[in-house]
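The following note is offered to a colleague who is meeting this structure for the first time. The points are numbered so that each may be checked against the model in turn.

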Amino acid sequence: MKRELERLAKSLADRIRGVVSRGRVARVDPAADGVPQAVQIAIGRSVHDRVAHLQPYGLAAVPLPGAEALLLWPGGARERGYAVTVDDRRDRPQLKPGEVAIFNRVTGAKVLLRADGVIELDGPTRVAGDLEVDGNVTAAGDVTDAAASMAADRLVFNAHVHPTSDGPTGPTSTPMGGGA
């Protein structure tokens, strides 16, 4: 009886250990309509195809080969698994306590929610849609729209003259941007 209980306990322990594992992404099949993204996972020398990559609501990513995956195997069976999180620490940004980042290992682009409340965008940033700002906008460089740049408009404004009955007054006495 004791041996039987030991055998059952070992069998149960082996099944529990088999429910969670770690592996490396070998290949990715991006998500299709209504079908979750599938990853091919390598665990040691064994390869598991079509493992469903479950992602948090509102976030989507296609991991690169070599990324690490935390895997769940319902019932300990390796026929159908789920990658519940995938991490790629090869180029992960160094963060301070309380910070959050979204980053792209391929391009180096990054959105950093800093601990001090500032949001940093690294890399070219394009806004597709309207942009509303409840505060000041400061630019270290030129600001350009579809017609001209502010620097070009400033040159025109600062050089403009006003006609009077005595002739033109000359350049404005109050230049825009502080320069003549």
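**Notes on the predicted model**

1. Asp91 has a relative accessibility of 43% and is therefore classed as partly exposed, since that class lies between the limit of 20% for buried residues and that of 50% for exposed ones. Please bear in mind throughout that the model is predicted.

2. The setting of Asp91 is the loop between β5 and β6. Not counting residues up to four places away in sequence, Asp91 touches Phe103 and Arg105. With Arg105 there is also a polar contact, made side chain to side chain at 3.1 Å. As for Lys110, 19 residues from Asp91 along the chain, the C-alpha atoms of the two residues are separated by 11 Å.

3. The two strands that flank this loop also deserve attention in connection with the largest pocket. Both β5 (82-87) and β6 (100-103) supply at least two residues each to its lining. The strand that gives the most is β5, with four residues.

4. The largest pocket itself has a volume of about 860 Å³. Its lining comprises 24 residues, and those closest to the centre are Ala60, Ala61, Val62, Val86 and Phe103. Phe103 thus appears in two places in this note: among the residues closest to the pocket centre, and as a contact of Asp91.

5. What is the make-up of the lining of the largest pocket by class? Nonpolar residues account for 16 of the lining positions, while four are polar and four are charged.

6. A second residue to examine is Gln40, which is placed in strand β2 (residues 38-43). Is Gln40 buried or exposed? Its relative accessible area is 18%, so Gln40 counts as buried, the limit for that class being under 20%.

7. The surroundings of Gln40 may be described as follows. Leaving aside neighbours within four places in sequence, Gln40 is in contact with Arg24, Val25, Ala26 and Arg27, and also with Val47, His48 and Asp49. With Asp49 the side chain of Gln40 makes a polar contact, to the side chain of that residue, at 2.5 Å.

8. Finally, helix α1 covers residues 2-17, a run of 16 residues. From its first C-alpha to its last, α1 reaches 22 Å, close to the 22 Å expected at 1.5 Å a residue. How many of the residues of α1 are buried? The count is zero, and the helix is hardly covered.

Technical notes: Residues numbered from 1 in each chain as written. Predicted model: local features only at pLDDT ≥ 70, side-chain atom pairs only at ≥ 80, totals over all residues. Heavy atoms only, no water. 1 Å grid on protein atoms, 1.4 Å probe; cavity = no way out; pocket = protein on both sides within 12 Å on 5 of 7 lines; lining within 4 Å. Points joined across faces, edges and corners; volume = space filled by probe spheres on them. Nonpolar A, V, L, I, M, F, W, Y, C, P; charged D, E, K, R; others polar. Buried < 20%, exposed > 50% of the residue type's maximum accessible area, 1.4 Å probe, protein only. Contact = heavy atoms within 4.5 Å. Polar contact = N/O pair within 3.5 Å; in protein donor to acceptor, adjacent residues only side chain to side chain. Expected span 1.5 Å × (residues − 1).
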